[in-house]
Amino acid sequence: MKKTHLLVTVSLIYLSSSIVLSAQSETKIGAFFAYGTEIENIGIGANAEFPIADKLTISPSFIYYLPKDESGIKINWFEINANANYYFLDEDSIGVYGFAGLNYSSIKVKYDDAFGFLGDFSSSDGRLGLNLGAGANFDIGSNITPFAELKYVIIDGGQLVIAAGVKFNL
């Protein structure tokens, strides 16, 4: 029994190390601009990409949409994402990937009554959703990698997000 347990443990260690060694070797961090169709506004974001296996990366990101003011109603919106990217095509000049993951979106709405008739009002809400999308990295021969992504957030109302920016290879 002890020999079987030892054999399984050694096999798992070997398998884990071989997966890590065959993974893409570059961790990337980046910044980007995004446009959300539900909020109808531009956002700024930051992301990272951590290789975990050959053709597979984990990619967290954060997007803060610029505040909006519509008829005295102020809207603030941000989202946090945790995606897994799978590279279908990873050649010298381009890397094309599909991704899926989790999304947390937070919105805060505030109304300040300038005339004092209705009073002030403030409300906020946070929701969990799912991301489905695709993207491409463009190798330009330096430590900077331009990229573009298109994703759909499956959440109440749904939102299509178009993003483009740069990733820095570490």
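**Close-ups of a predicted model**

**View 1. The largest nonpolar core.** Seven residues, Phe32, Ala34, Ile39, Ile63, Tyr65, Tyr97 and Val161, touch the most other members of this core, which has 14 residues in total. Two or more core residues come from each of β1, β3, β4, β5 (94–111), β7 (144–154) and β8. Which strand gives the most to this core? That's β4, with 3 residues. Keep in mind that you're looking at a predicted model here and in every view below. As a bit of background, nonpolar side chains tend to be buried together in soluble globular proteins.

**View 2. The whole protein, for orientation.** Before zooming in further, here's the layout: 1 helix and 8 strands, running α-β-β-β-β-β-β-β-β from the N terminus on. The protein has 170 residues, and 32% of them are buried. Among contacts with a separation of 6 or more, 51% link residues 24 or more positions apart. About 10400 Å² is exposed, with carbon and sulfur atoms supplying 67% of that area.

**View 3. Tyr65, a core residue in strand β3.** Tyr65 sits in β3, and is it buried or exposed? Its relative accessible area is 0%, so Tyr65 counts as buried. Its side chain still finds a polar partner: the side chain of Glu79 makes a polar contact with it at 3.3 Å. Ile39 is 26 residues away from Tyr65 in sequence, yet the two C-alpha atoms are 8.2 Å apart in space. Beyond its close sequence neighbours (those within four places), Tyr65 is in contact with residues including Tyr35, Gly36, Ile39, Trp77, Glu79 and Val161.

**View 4. Val161 and its surroundings.** Stay in the core and shift over to Val161, one of the residues that touch the most other members. Setting aside neighbours within four places in sequence, Val161 is in contact with Ala34, Tyr35, Gly36, Ile63, Tyr65, Glu79, Glu149, Leu150, Lys151 and Val153.

**View 5. Lys167, a lysine tucked into strand β8.** Lys167 is found in β8, which spans residues 159–169. Why does this lysine count as buried? Because its relative accessibility is 2%, and the cut-off for buried is under 20%. Which side chain makes a 3.1 Å polar contact with that of Lys167? It's the side chain of Asn137. Lys167 also touches Lys28, Glu49, Tyr87, Tyr97 and Phe147, among others farther than four places away in sequence.

**View 6. Asn137, between Lys167 and Tyr87.** Asn137 lies in strand β6 (residues 121–138) and counts as buried because its relative accessibility is 4%. Besides the 3.1 Å polar contact with the Lys167 side chain, the Asn137 side chain makes a polar contact with the side chain of Tyr87 at 2.7 Å. Its contacts beyond four places in sequence include Lys28, Glu49, Ser93, Ile94, Tyr97 and Thr145.

**View 7. A nonpolar patch on the surface.** Now for the outside: Phe33, Tyr35, Ile42, Ile44, Phe62, Tyr64, Leu66, Ile80, Tyr104, Leu128, Leu150 and Ile162 make up a nonpolar surface patch, together offering about 1100 Å² of accessible area. At least two patch residues come from each of β1 (28–36), β2 (41–53) and β3 (56–70), and β3 gives the most, with 3 residues.

**View 8. Ile80, one member of that patch.** Ile80 has its place in strand β4, residues 73–90. Ile80 counts as partly exposed because its relative accessibility comes to 42%.

Conventions:
Residues numbered from 1 in each chain as written. Predicted model: local features only at pLDDT ≥ 70, side-chain atom pairs only at ≥ 80, totals over all residues. Heavy atoms only, no water. Helix = DSSP H or I, 4+ residues; strand = E, 2+ residues; numbered from the N terminus. Buried < 20%, exposed > 50% of the residue type's maximum accessible area, 1.4 Å probe, protein only. Polar contact = N/O pair within 3.5 Å; in protein donor to acceptor, adjacent residues only side chain to side chain. Contact = heavy atoms within 4.5 Å. Patch = residues over 30% accessible without salt bridge, like charges linked within 9 Å, V, L, I, M, F, W, Y side chains within 5 Å. Areas by Shrake-Rupley, 256 points an atom, 1.4 Å probe, with all protein chains shown as cover. Salt bridge = Lys/Arg side-chain N within 4 Å of Asp/Glu carboxyl O. Core = buried A, V, L, I, M, F, W, Y, C linked by side-chain atoms within 4.5 Å.
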